[in-house]
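Here are a few short exercises to work through with the model on screen. Try each task before you read its solution.

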Amino acid sequence: MQVSLDQLINIIMARLEAIEMSMEDLKFRTNIALRVLYKNEILTEENLVEAIKDEFKAHTELEGKKVELPDDKAKEMSNDILNWVKNDLEEMKKKMQEYEEQLKSLMQQEAMNTPDISVAPADLLNQLDQMKKAPKGGNNGGIIF
């Protein structure tokens with residue numbers, strides 16, 4: 001059985017779209033569940049910080065590392081999650097704007113640090129070929145660099 005490249009790409013793209021739809025559905029359902037837990041006062045900042053630390057610890061132990069998440073970082077993560085659950089759109093917009101500004105700043109720094117790559121004109125290759133073919137010794141009207 002032969003499969004053309006187009007068929008293979010179409011199969012992969014269809015699968016990718018199905019995964020994306022499943023992820024969006026899962027995110028939607030998770031958001032609803034979190035909001036129900038928050039409104040019933042089961043999801044609190046303390047519980048969330050503890051869960052974040054436990055999850056971080058489990059991941060690092062599985063990797064064979066003994067790293068502990070600092071309290072301030074866990075609290076920051078819990079605040080971000082709670083802002084999402086509370087639908088605090090103003091706070092989320094503010095964080096997004098800060099993130100975009102940091103990204104722009106990093107991109108500008110990267111642009112300043114990367115060397116300028118220029119493309120030589122097509123005629124330059126012809127000139128170099130002529131220089132190779134020119135007899136050595138004397139100027140004979142050749143180009144001097």
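Accessible areas come from the Shrake-Rupley method with a 1.4 Å probe, and for residues only the protein chains shown count as cover. This is a predicted model, where local features need pLDDT of at least 70, side-chain atom pairs count only at pLDDT 80 or more, and totals for chains, interfaces and linings use all residues. Residues are numbered from 1 along each chain as its sequence is written, and side-chain values use heavy atoms, with hydrogens and water left out.

**Exercise 1.** Work out how the chain's overall size looks beside a compact globule of 145 residues.

Solution. Start with the surface: about 13100 Å² is accessible, and carbon and sulfur atoms own 58% of that. Next, take the radius of gyration (over C-alpha atoms; the globule rule is 2.2 Å times the number of residues to the power 0.38). A compact globule would come out near 15 Å, but this chain has 29 Å. Finally, the C-alpha atoms fill a box of roughly 90 × 50 × 40 Å along the principal axes.

**Exercise 2.** Find the residues of the largest nonpolar core.

Solution. First, the rule: a core joins buried Ala, Val, Leu, Ile, Met, Phe, Trp, Tyr and Cys residues through side-chain atoms within 4.5 Å, where buried means under 20% relative accessible area, exposed over 50%, and partly exposed in between (1.4 Å probe, protein chains only). Then pick out the 8 members: Leu43, Leu48, Val49, Ile52, Leu69, Ala74, Leu82 and Val85.

**Exercise 3.** Is leucine 5 buried or exposed?

Solution. Its relative accessible area is 59%, so leucine 5 is exposed.
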